[in-house]
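Good morning, and thank you for the time on today's agenda. I shall go through one structure, with attention to its charged pairs and its cysteines.

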Amino acid sequence: MTRLKPTLLALSASGLLAIAGYEGYSATAYKDTGGISTVGFGHTGPEVKPGSRVTVVQALNTLGKDVGKTERALQSCFGDDVLLTHGEWDAYVALAYNVGAGAVCKSSIRPKLRAGQYRAACEAIRSFNTAKVRARQPDGTVVVRRVVSKGLTNRRNSEYQKCVQGIESEQISP
């Protein structure tokens, strides 16, 4: 498996389809478990208001733009001294699309990649399996807590498998 600088990588078609599948399509904006207005294929932003609507074509165009922003943020964060397989890149972009590039860049993934600890960096993907849940208390106050999500655990396991795919084939190559 070939390792390349992040600036030479782009999300694969299968990676884009995986993100679209993970996120699912919603024509009408809804509040996710964290209370964030979301529409299309997981698009958030100040323009997304309750009742916002998008067509599939609009949502796909927005997904492409959002993925591009995510890739540029990761390329900047990882730098050109980190070399990745395409599977690793797809996994990190999918993760960052869901949790935000800032969260990935502040995590243990970047230092592990810079140290050449590729499997450990892939393993760190699995730690992003909690979701914010808001609960109203009897006194009216709102409490936000993080809970392990089965859906996120499944998604992270899928991203982890994609990430280590190239690493495993690397180890048997001369």
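A salt bridge is here a side-chain nitrogen of Lys or Arg within 4 Å of a carboxyl oxygen of Asp or Glu. By this rule, the structure contains six salt bridges. Please bear in mind that this is a predicted model.

Before I turn to those pairs, a word on the overall fold. The chain has seven helices and four strands. In sequence order, they follow the pattern α-β-β-α-α-α-α-α-β-β-α. The C-alpha atoms fill a box of roughly 60 × 40 × 25 Å along the principal axes. For 174 residues, a compact globule would have a radius of gyration near 16 Å, and the value of 17 Å for this chain agrees with that. Of the 174 residues, 40% count as buried. The exposed area of the chain is about 9300 Å², and carbon and sulfur atoms supply 57% of it. If one takes the contacts between residues at least 6 apart in sequence, 62% of them join residues at least 24 apart.

Now to the charged pairs. Which residues are linked in a network of salt bridges? They are E23, R155, R156 and E159. Within this network, the side chains of E23 and R155 meet with an N to O distance of 3.1 Å. E23 lies in helix 1 and R155 in helix 7, so this pair ties together parts that are 132 residues apart in sequence. E159 forms a salt bridge with R156, and the closest N and O atoms of that pair are 2.7 Å apart. E159 and R156 are three residues apart in helix 7, and about one helical turn separates them.

Are the members of this network buried or exposed? E23 is buried, with a relative accessible area of 18%, and R155 is buried at 6%. E159 counts as buried at 1% relative accessibility, and R156 counts as buried at 1% as well.

Another salt bridge joins the side chains of E123 and R126, at 3.3 Å from N to O. Here E123 is partly exposed, at 34% relative accessibility, and R126 is partly exposed, at 28%.

I come next to the cysteines. A search of the whole structure finds two disulfides. With the bonded cysteines numbered in sequence order, the pairing is 1-2, 3-4.

C77 and C105 form one disulfide, with their sulfur atoms 2.3 Å apart. C77 lies in helix 2, residues 56–78, and C105 in helix 4, residues 101–106, so the pair ties together parts that are 28 residues apart in sequence. The torsion about the S-S bond is about -135 degrees, and the disulfide is therefore left-handed. C77 counts as buried, at 8% relative accessibility.

C122 is joined to C163 by a disulfide with an S to S distance of 2.0 Å. C122 belongs to helix 6, residues 118–124, and C163 to helix 7, residues 150–172, so this link ties together parts that are 41 residues apart in sequence. The link of C122 and C163 is left-handed, with -70 degrees about the S-S bond. Both C122 and C163 are buried.

Finally, the surface. Y25, V56 and L60 form a nonpolar patch there, with about 250 Å² of accessible area together. Y25 is found in the loop between helix 1 (13–23) and strand 1 (26–31), and Y25 is partly exposed at 34% relative accessibility.

Technical notes. Residues numbered from 1 in each chain as written. Predicted model: local features only at pLDDT ≥ 70, side-chain atom pairs only at ≥ 80, totals over all residues. Heavy atoms only, no water. Patch = residues over 30% accessible without salt bridge, like charges linked within 9 Å, V, L, I, M, F, W, Y side chains within 5 Å. Areas by Shrake-Rupley, 256 points an atom, 1.4 Å probe, with all protein chains shown as cover. Helix = DSSP H or I, 4+ residues; strand = E, 2+ residues; numbered from the N terminus. Buried < 20%, exposed > 50% of the residue type's maximum accessible area, 1.4 Å probe, protein only. Disulfide = S-S within 2.5 Å. Rg over C-alpha atoms; globule rule 2.2 N^0.38 Å. Contact = heavy atoms within 4.5 Å.
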